[in-house]
Amino acid sequence: ALVLHDGALKWPPPPPPEAAAPPPKAAAAAKEPEAPQSPFSRTLHRSLSATAGIASLLAVGAASPDPVFNTMMGTLSLAGIVGYQVVWGVTPALHSPLMSVTNAISGIIAVGGLVQMGGDYMPATGSQWLASASVFIASINIFGGFLITARMLDMFRRDTDPPEYNHLYLVPGSALVGGYLGTTMAGYDGMHQMTGLAASLCCIGGIWGLASQQTARLGNALGMIGVSGGIAGTIGSLQPSAALLTQMMGTMGAGGLLGLAVSKKVAVTDLPQLVALFHSFVGLAAVMTSFSSYLVDPEHFAHDPMGGVEKTSIFLGTFLGGMTFTGSLVAFGKLQNLLDSKALALPGKNALNIGMAAGSVGAMGLFLSSPAAATGIGCLAASATLSSALGVHMTASIGGADMPVVITVLNSYSGWALCAEGFMLNNDLLTIVGALVGSSGAILSYIMCKAMNRSLSNVILGGYGTSSTGTGEAMKITGTHTETDVDQTVEALTNARNVIIVPGYGLAVAKAQYAIADMVKSLTENGVNVRFGIHPVAGRMPGQLNVLLAEAGIPYDVVLEMDEINEDFDDTDVTLVIGANDTVNSAAVDDPNSIIAGMPVLHVWNSKNVVVMKRTLGVGYADVDNPVFYKENTSMLLGDAKSTCDALRERIAQVYNK
């Protein structure tokens, strides 16, 4: 079809002036590719790495204060290996439910608070009040996290899926809790440990289940069973009085009701900030449990062979918990638009971070060397203050576009704080779950950084550029863009055979997923093959856009990851980019001196026609111009994404209803 206006050709769009070639000196300044490693060097590196690992374990064994410590290290190591394996098996589309379910499972930190609780119907000492508060906060995570996970997974259901009978998972849950109570009352003393093992395995199964859509609901159910069994086993081993049991159940019930109320009301677009907020609860609970554990009996550490290990764990739990608590609150503020999403750039920001970290190391040294209770409390308070300030400053110094990495890193911090609680209380369940959560956050952080071609230190320290960025001048983008309108875009879409839609964070902000779903349904019913391409760092949380599209009823089997769909753009008639910029920027491929050089992106420009929907021609979070906007086969559909998507939906419906 041809579109003329006053004799001028408007569709297909006329080619814009060719962009100026980049200066030769810029290309020369690009980093040279590294030479491939020889087989000998590669094997030598692996051999030395294995040797270093073995030597480290032997050194830990030589310095071990007690055989109990060796057992705890063995539990941590094996749990870390298992966690590494199961987390890598999670499908990328379910990374958001993974974040949510690990958040819920990390609420098992309530076990540490339950051990420290005391009094009758109310706590009687400061230590008991801290423990009770820790249990209350952790319960918000448990109940709220599992409900959010269930809501996410329900969104992925398709009309053609068979019926579900998830209530049947009450049978294994009842078998674990009821079987434990029954056998314990019958006098079988070994049931505490076996129940803890069963709970740990169920928590591992909770993450394993997210390997596919078919087993995801089983995973969420196993997570619930694991946490319930762990808490039941802990309370049973404590044998509390009726009054204390009432206090425990009341505290957990109140926190659980609050978690359920919040999780029921939150909108899907607000899930990233809710996950960040729940992370802060785990951090705060870790700080409270650590303080409570120290206050119970500060004098016994000097005489206990494991006293040094316990004190180290208490301090690390306080430090990691403080960073997780305040860092998560800042992340929540940025995601909720309560704080400026731009990176804070204080003079000497790295020196500030180093100073606060050094102060914490000094406080730790004094804490471990001094037997005085007053000194210990002061050191813990200093650690909590410094780590909290460090969490605020480091997170505030990171821009809003890097929040997916920040959330996963904080998730990892909460897991390692949980491990510290496990060492502090010699509790295998806490150690295993902590290793699972810590591994999950670390692996997701790695995936996010790799998807941006950046190092984790570059992101956490608020840096710019990728590991491939050269030292020369970035390519200058020249030329003019071509604008289109709704009618021309509808004509292109309805005449196409293959269409790929690439959504970005702008889709989530505009809440345009429902209009897109209706539009896709109309196109599909009329023979157009429509699929979606998702970049790993699109959105503000891993897998967020997958959840948004699933909520609108788009089948998950047409939503593909970047690596799955990138080669298909060559055979695509129209690519529709909605609210994405940096993740489709060709400068990452063509300009070795761009600050996003080497970043994996969706190659939308290889399509026959590209329509980019944006409010303006402005740059993305990386502050880099996008050459795709000025390419010959690209048309810009400028305007509000929600209004434009609504107009596309209505116009397509009119075309097919004629």
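Me: How do the residues lining the second largest pocket divide into nonpolar, polar and charged?
Reply: This is a predicted model. The lining of the second largest pocket is made up of 35 residues. They divide into 23 nonpolar, 10 polar and two charged.

Me: Which helix gives the largest share of the lining of the second largest pocket?
Reply: The pocket has a volume of about 1000 Å³. Helix 6, helix 7, helix 9 and helix 10 (242-265) each give two or more residues to its lining. The largest share is 11 residues, and the contributor is helix 9.

Me: Which residues lie nearest the centre of the second largest pocket?
Reply: The lining counts 35 residues. Those nearest the centre are Phe-143, Val-177, Met-224, Val-227 and Ser-228.

Me: What parts of the chain does the salt bridge between Glu-164 and Arg-217 tie together, and how many residues apart are they?
Reply: The closest N and O atoms of Glu-164 and Arg-217 are 2.9 Å apart. Glu-164 lies in the loop between helix 6 (126-155) and helix 7 (170-185), and Arg-217 in helix 9 (residues 216-238), so the bridge ties together parts whose separation in sequence is 53 residues.

Me: Is Arg-217 buried or exposed?
Reply: Its partner Glu-164 has 31% relative accessibility and counts as partly exposed. Buried means under 20%. Arg-217 is at 13%, so it counts as buried.

Me: Which residues are linked with Asp-518 in a network of salt bridges?
Reply: A search of the whole structure finds eight salt bridges. Asp-518 meets Arg-649 at 3.1 Å, N to O. That pair links distant parts of the chain, helix 20 (residues 513-525) and helix 24 (residues 641-656), 131 residues apart. The network joins Asp-518 with Lys-642, Asp-646 and Arg-649.

Me: By about how many helical turns are Asp-646 and Arg-649 separated?
Reply: Their side chains meet in a salt bridge at 3.3 Å, N to O. Both residues are in helix 24, three residues apart, so the separation is about one helical turn.

Me: Is Asp-646 buried or exposed?
Reply: Asp-518 is partly exposed at 37%. Arg-649 is partly exposed as well, at 25%. Asp-646 has 16% relative accessibility, under the 20% limit. Asp-646 therefore counts as buried.

Me: Which residues beyond its sequence neighbours is Ala-131 in contact with?
Reply: Ala-131 is found in helix 6. Its relative accessible area is 0%, so it is buried. Leaving aside neighbours within four places in sequence, its contacts are Gly-113, Gln-116, Met-117 and Ser-292.

Me: Which helix supplies the largest share of the lining of the largest cavity?
Reply: The largest cavity has a volume of about 100 Å³. Helix 12 (307-335), helix 14 (373-396) and helix 15 (403-425) each supply at least two residues of its lining. The largest share is four residues, from helix 15.

Me: How many charged residues line the largest cavity?
Reply: The lining includes Met-323, Thr-395 and Tyr-413. Eight residues of the lining are nonpolar and three are polar. The number of charged residues is zero, listed as no charged.

Me: What is the volume of the second largest cavity?
Reply: The structure has two cavities of 30 Å³ or more. The lining of the second largest includes Ala-93, Phe-156 and Asn-546. Helix 21 (residues 544-551) gives the largest share, three residues. The volume is about 40 Å³.

Key:
Residues numbered from 1 in each chain as written. Predicted model: local features only at pLDDT ≥ 70, side-chain atom pairs only at ≥ 80, totals over all residues. Heavy atoms only, no water. Salt bridge = Lys/Arg side-chain N within 4 Å of Asp/Glu carboxyl O. Buried < 20%, exposed > 50% of the residue type's maximum accessible area, 1.4 Å probe, protein only. Contact = heavy atoms within 4.5 Å. 1 Å grid on protein atoms, 1.4 Å probe; cavity = no way out; pocket = protein on both sides within 12 Å on 5 of 7 lines; lining within 4 Å. Points joined across faces, edges and corners; volume = space filled by probe spheres on them. Nonpolar A, V, L, I, M, F, W, Y, C, P; charged D, E, K, R; others polar.
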